Amino acid sequence: MTIQGWTFVFVGLSFALYLGIALATRVRDTEGFYVAGRAVPSIANGMATAADWMSAASFLSMAGLIATLGYAGGMYLMGWTGGYVLLALLIAPYLRKFGHFTVPDFVGDRYESRVARVVAVGCAIFVSFTYVAGQMRGVGIVFSRFLEVDITVGVMIGMAIVFAYATLGGMKGITWTQVAQYWVLITAFLIPTIAISIQLTGHAIPQVGMGSELLGQGMPLLAKLDQIHTDLGFASYTEPFLGQWSRLNVFCVTLALMVGTAGLPHVIVRFYTVRNVKAARWSAFWALAFIALLYLTAPATAAFARYHMIASLDGAARTTLPAWFRSWEKTGLVLWLDDGDGRVAYRGPARTDENEVFRCGALSPAELASVREEHGRWLASAGAQGADGRTRLRALGLSGPDHDILVLAAPEMAALAGWIVALVAAGGLAAALSTASGLLLVISSSVAHDLYYRIVDPRASEAQRLLVGRVVIGLAVVVAGLFGIFPPGFVSQVVAFAFGLAASSFFPAIVLGIFTTRVGTVPATLGMLAGIGFTATYIIGSVYGGMPHWCFGIDPQGIGAVGMLVNFAVTLTLTPLCPRPSARVRDLVESIREPEGAGPAVYIETAPEH
Amino acid sequence: MSDPVSACNGAPDVHDPRVAACIDRYWRRNVRLTAGLLALWALAGLGCGVLFADALNRVRLGGFPLGFWFAQQGSILVFVVLILVYALVLNRLDARHRRELAALRGAAAGGDRG
């Protein structure tokens, strides 16, 4: 059977499974719709959290990013796992005890402020939409490469599936589908890497293989990579703090990602779905354990694929170019513009003039065709006519292949069986869809619960609230799909910045809300505004406004760490000057800290119809 | 709308000084444990993985330079263990706290009868 045949089988089977779960988990009340009836076992919730967390970016792009960055790729690995420690120790058990439906609920009740609640709702929606857009793009990439259907059709199929299980089953449907998606994606990630590890190093455990000798080369894989990198003009693979990634920058980006992870609403909300505080702690453990399975494997995938990519590309002639290059060349994610000698030269920044491997980036097919045509004339006329396409692409910053192909192409690079390649496609879709559905639920609960029910119409009946929740999630699926079909150029950057914004707004407000009883409405609200204002200004100014990185040269991705400090500083400085919170808030905090007894009473429980 | 605190079924009476002292003790133990684990978190991730990575890279662990290993493998393993320890220790601390509160409640009930 061909790769495409296998892909249809795996994708078809996994989609049928998700739809089956959707039918089995229909819900009839808002408790089921927003928090799965608070009856999800901790291991299952851990798996669902892991699937929720590991997005198309984790699955498709992260290993590629690590392969490109080498040591500095550790920022993403540590950032996206270290955040769970903060989440487990500082936030999850307390918010479970608090026991409402959403993060804005906590911010609004703890600080007794409608403004704080609305600010929190705005942040939640903004963060979720930027994230969802990236997922839908991932769905599009997988469909266009493996099933060779149009990206639009692919996104529409993905939307239909998410629409079915999210509107029918709400959080309950999403949770159980995510459990299934976790297994699909982790199997799809582990099998190829294990196979490549055995092929290259003879070890079945990739984490061991990565630190072992290459078969037949007599030297460790990482040492070989360092050597190749130096020879071809790339920065060393294992040495830290080279070029842009200084010690301060790596530190700030890692910290911003860690703190941002702990402040992301779609992750926090998962801890509302378990039975009690104890289950919330176990659930955080299981979540990180399941996430670590992928995150410990990704650096191995990165190192193996990096080695394969350079070894099979550099020096290849038109006739000896590997098959994976041919199939990915069609998508424009990897390109070869020869200098006339008929051999591929893949070179790093130090020898960038000689590099002949590029990607199309945001260029349209027409622009790319014109670059190729001009380059062809330039070659044919020995430089007299046309233009050197390499100079042009280099100037656009498009040297080297796109990060996204690395994971998808890795099994092909290692010439693994067709069914393994197809499995990876199904895994990529599972990763994208599971994250998208979790985010869509946050958007739905933010609009239908926080805005409509808590602010616009507090007398809405249970049936009305459920209907609004379903309508909003349906609309959100459509908007997310449109983002996938017409991807805004800023998506990939914005996703990284979402962490900075979460770090500088939610995290300090939530942690101070739990660990102090003294911090009141005014300091917390001003702190959030100062943190997010500082962070957003720096990011927007330096990315779009050409502002220099004036804050100690810190990269915009890491500025959230400083924004968080600004938030803490503003809040704590103003606190002694402002009145204490009311007795009601102090009792609320006391009851969150106390593991005994039921959660604090909420307006919801006393509302009519509940 | 009812008073949020009195609506909490089964919650301990926080206005009893002995109960308050018990809750306070539990909270201080919790904060100490949390702070200790967070110190290890910072040491493994931000310390060994970032701040001292270049120094640690001079040491080799099999085929890995140690700083690189911490950044891409070691810190993640430490994070998983930290949450495991937290869940184990704090769930036991909760159980102990529950027993202490039950003992206080039992003593109070005995006092009422006598």
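**Chain A: overall fold, core and one loop residue**

Colleague: What radius of gyration does chain A have?
Modeller: This is a predicted model. Chain A has 610 residues, and a compact globule with that many would have a radius of gyration near 25 Å. Chain A agrees with that value, at 25 Å.

Colleague: What share of the contacts in chain A join residues at least 24 apart?
Modeller: Start with the make-up of chain A: 24 helices and two strands. Then take contacts between residues at least 6 apart in sequence. The share of them joining residues at least 24 apart is 80%.

Colleague: Which helix of chain A gives the most to the largest nonpolar core?
Modeller: The largest nonpolar core has 233 residues, and Leu185(A), Leu440(A) and Ile83(B) have the most contacts inside it. With 24 residues, the top contributor from chain A is helix 13.

Colleague: Between which domains of chain A does this core lie?
Modeller: One domain is 3–307 + 410–606, and the other is 334–403. Both give residues to the core, so it lies between domain 1 and domain 2.

Colleague: Is Leu321(A) buried, partly exposed or exposed?
Modeller: Leu321(A) sits in the loop between helix 13 (277–313) and helix 14 (323–329). A buried residue needs 20 or more other C-beta atoms within 10 Å, and an exposed one has 12 or fewer. Leu321(A) has 15, so it is partly exposed.

Colleague: Which residues is Leu321(A) in contact with, leaving aside neighbours within four places in sequence?
Modeller: The C-alpha atom of Leu321(A) is separated by 8.6 Å from that of Val344(A), 23 residues apart along the chain. The contacts of Leu321(A) are Ala316(A) and Arg326(A).

How values were computed:
Residues are numbered from 1 along each chain as its sequence is written. Chains are lettered from A and ligands numbered from 1 in the order in which they are written. This is a predicted model: local features need pLDDT of at least 70, side-chain atom pairs count only at pLDDT 80 or more; totals for chains, interfaces and linings use all residues. Helices (H or I, at least four residues) and strands (E, at least two) are DSSP runs, numbered from the N terminus. The radius of gyration is taken over C-alpha atoms; the globule rule is 2.2 Å times the number of residues to the power 0.38. Two residues are in contact if their C-beta atoms, placed from the backbone, lie within 7 Å. A nonpolar core is a set of buried Ala, Val, Leu, Ile, Met, Phe, Trp, Tyr and Cys residues joined through C-beta atoms within 7 Å. Domain bounds come from an automatic or database domain assignment.
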